[in-house]
Amino acid sequence: MTVQTLRMPRSGFARGPVPAVAGCYFVASFAALGLPPYLTEILPELGDRQARWAGVLYIVPTVFGALGAPLWGRLADRFGRKRLLLRAQLGLTVSFLIAGWADSLATFTVALVLQGILGGTFAASNGYLGAALQGPALSKALTLMQGSARAALVVAPIVVGSLSGWLSPHRQYALLAVLPLTAALLLAALPEPEPVEQRRTEPEAAADDTPPVVSLKTLYALEFVFVFSTVISFPYLIALVDDRLPGTSPALSGVLFALPHLVYLVGALAVHSAFRNRPRAGIALGFACIALGLAGHGVAGSLTALIAVRLLLGAGLTLGLVCLSVLAADCARGRAPGGMFGSLEFFSKAGAVAAGVAAAVGSARFGPAAPVLTGGAAAAVTVVVILLPTLNHRTRRSR
């Protein structure tokens, strides 16, 4: 499991709260990540027989999560990161219970809106960690958090599908509400993180005078483009596989979908060690791998070719996520972590929403290959921009 694989620095906080926070995020993410793929089965039970609202409702939690994340982050800085992390877990519990017992499309939609507004466990968890850690310790903790997200993304849909024979995905919302509730109970035992500023050594304090590798605005832009270029390939990948390899089993299609996330789980620690001191090079290489991998999806015509381009995309995904974590930890020095990570979550979710819209429009007009080609083009442009000498000069001077 990722919590065991990504070893943390030898500090009391790292050995206890960090793995606990990551584990609780993994547990609480099951319903949020595992149930949306089954909206086409849920909505007919609520009166939408053709599941026409599935595409819209898929992004409703993301949209409202993006709108709420900056506010919750600032409130965490003011009232305490642990309190707001508990609020996020309890918010998911309430929204999942409402969704599971909803008897109309309107009530179910309200539940998804509440999931977005009251949730935000990822940003809340990162804000909690950012209040107590800095530098390599924080970037490794953020890498661990991304590992929890990838693991949940791989495992949750499989578990939900397996349970569907006994309990419909709709009612599973109510059942799985016990998971964020359990996470909240576990997190209640954790300490309020001690602010980094109260325990810095003189060398650490002097290091704060060093400008970050990239400006905060650049970090937000990279986050948006990264999420856009990767997420855009998700919704219509199964359709693309069916188009290229007719008759492919659902199980094999699921494995192809999961491959990039499995690459992250296997390689994130090694990538962090290799690129923690050169994240700009790592993020540029990551976008290059994403561009090449997505372009390869457009021409791959065999199972071997699809596996190869999925692995290449996984390499780019791993490089990008890890190096974005390093850059985020660098930018967090001297800043209120709740507000910063809340804003970062806003741009991440905005990228996901933009990707979903672009994927739907592109696929409808140009076929299932359009989303991967659009994402590849966005990644390729980003590589050029990152490597521009003027951007190098500007970002090294700005904070």
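## Overall make-up

Of the 399 residues in the chain of this predicted model, 54% count as buried. The secondary structure consists of 20 helices, with 0 strands. About 16,900 Å² of the chain is exposed, and carbon and sulfur atoms supply 66% of that area. Among the contacts in the chain with a separation of 6 or more, 85% are accounted for by residues that lie 24 or more positions apart.

## Confidence along the chain

The mean pLDDT of the chain is 85, and 89% of its residues reach 70 or more. Confidence is highest in helix α17, which covers residues 303–331 and stands at 95, whereas the lowest value belongs to helix α1, residues 2–5, at a mean of 39. Over residues 1–11 the pLDDT is below 50, and this stretch has 30 contacts in the model beyond its near neighbours in sequence.

A further stretch, residues 198–206, also has pLDDT under 50, and for these residues the model has 9 contacts beyond four places in sequence.

## A nonpolar patch on the surface

On the surface, V155, V159, L163, W166 and L175 form a nonpolar patch, whose members together have about 470 Å² of accessible area. The largest share of this patch, 3 residues, comes from helix α9, which runs over residues 135–163.

Another member of the patch, L175, is found in helix α10, residues 169–176. L175 has a relative accessible area of 45% and is therefore classed as partly exposed, since that class lies between the 20% limit for buried residues and the 50% limit for exposed ones.

## Cysteines

A disulfide is a covalent bond between the sulfur atoms of two cysteines. When pairs of cysteine sulfur atoms within 2.5 Å are sought, the count for this model comes to 0 disulfides.

Two individual cysteines can be described by their accessibility. C24 has a relative accessibility of 5% and so counts as buried, and C289, at 12% relative accessibility, likewise counts as buried, because the class takes in residues under 20%.

## An exposed alanine in helix α7

A106 lies in helix α7, which spans residues 105–118. With 55% relative accessibility, A106 counts as exposed, because the threshold for that class is over 50%. A106 and L46 are separated by 60 residues in sequence, while their C-alpha atoms are 8.9 Å apart in space.

Key. Residues are numbered from 1 along each chain as its sequence is written. This is a predicted model: local features need pLDDT of at least 70, side-chain atom pairs count only at pLDDT 80 or more; totals for chains, interfaces and linings use all residues. Side-chain values use heavy atoms; hydrogens and water are left out. Patches are made of residues with over 30% relative accessible area and no salt bridge: like charges are joined within 9 Å, nonpolar side chains (Val, Leu, Ile, Met, Phe, Trp, Tyr) within 5 Å. Accessible areas come from the Shrake-Rupley method with a 1.4 Å probe; for residues, only the protein chains shown count as cover. A salt bridge is a side-chain nitrogen of Lys or Arg within 4 Å of a carboxyl oxygen of Asp or Glu. Helices (H or I, at least four residues) and strands (E, at least two) are DSSP runs, numbered from the N terminus. Buried means under 20% relative accessible area, exposed over 50%, partly exposed in between (1.4 Å probe, protein chains only). pLDDT is the predictor's confidence in each residue, from 0 to 100. Contact means heavy atoms within 4.5 Å.
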